[in-house]
Amino acid sequence: MSNRLEPHEDSRLGALLIRAGVLSEEDLATALAHRTTGQKLGVCLIEMGLATVEDVDAALKEQLRDARLGQILLRTEAIAMTDLQAALEAQTRSGRMLGELLIEAGACSPEIVDWALAQQSAEKRTGAIFLRRGLIDHAGHERAFAMLAAQPERQLTEILVELGFVSAEQVRETLRLKLQETRLGRILLERGALTSEQLQVALAEQTVTGHMLGQVLIQLGFCDVQAVSAALAQQLLES
């Protein structure tokens, strides 16, 4: 079996694990030489003790994030399919971030990539709110995002309703809560109680934890309880 990496999912997984410092190139070559026909690279690496389940899971999730980013850019016609394929091939060789490679190749601007990443983050925050409300469990969350990665023209909420995890009314209520948290961030920015950089950090943390934005801001030390309470009071007056 050839050890040369081909531009497919397993090859990108190997490159991501090398970039993360989990594997060496020699480790990857050994795994490629010893895996059985049809065996997934991640399974082979775990069985050989070259990577843990957690290492492979993290890399697979990064693959899904990159796949979704590419699909958002394709859906909005910000890039051509040939641009995406070239970037994925470059990623297979280097393990670098997909957005970075697209910008470097001149396929799209940094502003467009930032916008697509923001769309992706918004989807993740929506999923985190569903989790926080107990409307879906982690298995359902993973299943919905896997479907989303495979069907770029669809919306997360549409998939959740189709799977029977939530109702249309629960979707409307969740989106209303998401809008409220967006307004809370805007009010704190306008009051000078928060910087845009701090808000972005808090939103990223919220995507991971699923906690309410005000709670995250306080936990990170970006705002005190009084500032958040005053912003929430203003939010109620604006409603």
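Is Glu169 buried, partly exposed or exposed? Keep that one in mind, everybody, and we will get to it in a moment. One thing to say up front: what you have in front of you is a predicted model.

So, Glu169. With a relative accessible area of 46%, Glu169 is partly exposed, because the exposed class begins only over 50%. Its partner is Arg172, and the two side chains meet in a salt bridge, at 2.9 Å from N to O. Arg172 has a relative accessibility of 51%, so Arg172 does count as exposed. Find them both in helix 10: they sit 3 residues apart, which is about one turn of the helix.

If salt bridges are new to you, here is the idea. Side chains of opposite charge can pair when their charged atoms come close.

Stay on helix 10, which covers residues 168-190, and look for another pair. Arg186 and Glu190 also form a salt bridge between their side chains, 3.0 Å from N to O. Here the spacing is 4 residues, again about one turn, and both partners belong to helix 10. Arg186 is partly exposed at 32% relative accessibility, while Glu190 is exposed at 55%.

How many salt bridges does a search of the whole structure find? The count is 8. One of them joins the side chains of Glu104 and Arg96, with 2.6 Å between N and O. Glu104 is exposed, its relative accessible area being 56%, and Arg96 is partly exposed at 25%. There is a third member here too: Arg96, Glu100 and Glu104 are linked in a network of salt bridges.

Now let's move to helix 13, residues 225-238. It makes a nice little check you can do yourselves. The helix has 14 residues, and at 1.5 Å a residue it should span 20 Å. Its end C-alpha atoms are in fact 20 Å apart in the model, so the two values agree.

Which residues of helix 13 are buried? They are Ala227, Val228, Ala231 and Gln235. Around the axis they cover an arc of only 95 degrees, which means they are on the same side of helix 13. Turn to the other side of this helix and you find Gln226, Leu236 and Leu237, which are exposed.

What covers those buried residues? The cover includes helix 10 and helix 12, the latter being residues 213-219. So helix 10 is back in our story.

How do we describe a pair like that? Two packed helices are described by the angle between their axes and the distance between the axes. For helix 10 and helix 13, the axes come within 9 Å and cross at roughly 115 degrees. The crossing is right-handed. From helix 10, the residues making the contact include Leu184, Ile187 and Leu188, along with Arg186, whose side chain we met in the salt bridge with Glu190. From helix 13, they include Ala227, Val228, Ala231 and Gln235, and those are the buried residues I just listed.

One last stop, and it is a curious one. Please find Glu77, in the loop between helix 4 (53-75) and helix 5 (81-94). Glu77 is not a glycine, and yet it has a positive phi, of about 60 degrees. Glu77 is also exposed, because its relative accessible area is 71% and the exposed class is anything over 50%.

That's my tour. Thanks for listening!

Note on methods:
Residues numbered from 1 in each chain as written. Predicted model: local features only at pLDDT ≥ 70, side-chain atom pairs only at ≥ 80, totals over all residues. Heavy atoms only, no water. Helix = DSSP H or I, 4+ residues; strand = E, 2+ residues; numbered from the N terminus. Buried < 20%, exposed > 50% of the residue type's maximum accessible area, 1.4 Å probe, protein only. Expected span 1.5 Å × (residues − 1). Arc of directions from axis to C-beta. Contact = heavy atoms within 4.5 Å. Salt bridge = Lys/Arg side-chain N within 4 Å of Asp/Glu carboxyl O. Axes fitted to C-alpha atoms, helices over the stretch in contact; angles between N-to-C directions. Left-handed = near helix turned anticlockwise from the far one by under 90°.
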